[in-house]
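The following exercises concern charged contacts and nonpolar surface in a single model. Each task is followed by a worked solution.

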Amino acid sequence: MTQFNKENRKEILIYKNNNFKKLLLKSLLSISILSSSLYSADDRVLLENAWINIGYSNAKDAMLSGATTATSKGYSALFTNPAGLSTNYALGLYLRTGQLEHKNSTGATEEDSSLAKTSEVVASDNLAIGIFYKYLLVESKANIHNALGLAYGFETNYGLFSLGFNYVIDATSVENYKDFGTGDYQTVGLQWQKSFVGIDDFYAFYFGFSKKGQGISKFEGENIYRVSPLVQRIGFGFETNVFTTTALVTYDITSQSWHHLDDTLDTTALGLKWMIFDGFSVALGMSQSEYTTKVNLKENSTISFGLEFAAWSTNIAIAALQKEVLDGTNDVYIQENSIHADISFAF
């Protein structure tokens, strides 16, 4: 009986040891597959993120090609620079949407792995609704994300300072809009504004800074991963009177990077917004982007135009934007055309 127990225990130990080795090997293999899925195909990650319109989430940003880090206000500040949420003083509701289409160099739409996303996103699938009260804002975009924004502003002798924060929860899945997956992330922001008002003249200076964290969206079942970049934005603005109204000039410097990629996408953007008369403004914008090290992924460029109407407690903004990405591998431009529309109500 003693001999049987010894042999039996020995067999059990061998069995457990073999199982442990198999489990360890399986774990290492799983980690290897996960790493290769997440951190390989660097060029595709970069190209896909070239299409992510972080600065164009609404018409007010789109009309200035995203050059709004220092001057974004109200609901439009949620993703650009949440510090701008500090300008909300009343209860309000807003809706925003956009329709976009990707085209290859021949002008025909297509669905291709090099194109980051499907060929077209219709406005009904891109609708977001939000509600704000003072310094708090909540937004929901069906099957895409839920977001919370907070801000606080304080007046000093040196100007108006504002601090802001947002937290975005990725709501995409394999079954719906997985191509829009960004992962959960947060953004912090700062804005400063100083105005000088004279009898005949008006001047205002703006400065803004925001930093977005990296998000990673994972779909284990189909081994699909989306990585949204770290984004650091610095913006400047200058506003002055033109005839009986005002004109605003904005300038932004943006850097996008990724923890696992040795590359950055550097962007400069310029915007001009002129209030033709009280309650009606027109805007123009342009931007240029370049990767710092990739040879086969070259510059991106955008041009934009927009209109904004304000009457009573309603604000309407409409923008058209065209974006081009030069795919150096095929030496062709891929184009994105989009229309953005917002409407907000204050109570």
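**Exercise 1.** With which residue does R96 form a salt bridge, and how far apart are the closest N and O atoms?

*Solution.* The model is predicted, so local features require pLDDT of at least 70 and side-chain atom pairs count only at pLDDT 80 or more, whereas totals for chains, interfaces and linings use all residues. Residues are numbered from 1 along each chain as its sequence is written, and side-chain values use heavy atoms, with hydrogens and water left out.

Step 1. Apply the criterion: a salt bridge is a side-chain nitrogen of Lys or Arg within 4 Å of a carboxyl oxygen of Asp or Glu. R96 meets E139 in such a bridge, with the closest N and O atoms 2.6 Å apart.

Step 2. Place the partners. R96 lies in strand 1 (residues 91-103) and E139 in strand 4 (residues 136-141), so the pair, 43 residues apart, links distant parts of the chain; helices (H or I, at least four residues) and strands (E, at least two) are DSSP runs numbered from the N terminus.

Step 3. Assess exposure. Both R96 and E139 are buried, where buried means under 20% relative accessible area, exposed over 50%, and partly exposed in between (1.4 Å probe, protein chains only).

**Exercise 2.** Identify the residues that shared salt-bridge partners join to E308 in one network.

*Solution.*

Step 1. E308 forms a salt bridge with K60, the closest N and O atoms being 3.4 Å apart. This pair connects strand 15 (residues 297-311), which holds E308, to helix 3 (residues 59-62), which holds K60, across 248 residues.

Step 2. E308 also meets K273 in a salt bridge, at 2.4 Å from N to O. K273 belongs to strand 13 (residues 261-277), 35 residues from E308.

Step 3. Through shared partners, K60, K273 and E308 form one network.

Step 4. E308 counts as buried because its relative accessibility is 9%; K60 counts as buried because its value is 18%. Both E308 and K273 are buried.

**Exercise 3.** Which strand gives the largest share of the nonpolar patch?

*Solution.*

Step 1. Patch residues have over 30% relative accessible area and no salt bridge; like charges are joined within 9 Å, nonpolar side chains (Val, Leu, Ile, Met, Phe, Trp, Tyr) within 5 Å. The patch covers about 1100 Å² and includes L91, Y133, L148 and F347.

Step 2. Strand 3 (128-133), strand 4, strand 5 (145-156) and strand 6 (159-170) each contribute at least two residues. The largest share, three residues, comes from strand 6.

Step 3. As an example, L148 is in strand 5. L148 is partly exposed, because its relative accessible area is 35%.

Conventions. Areas by Shrake-Rupley, 256 points an atom, 1.4 Å probe, with all protein chains shown as cover.
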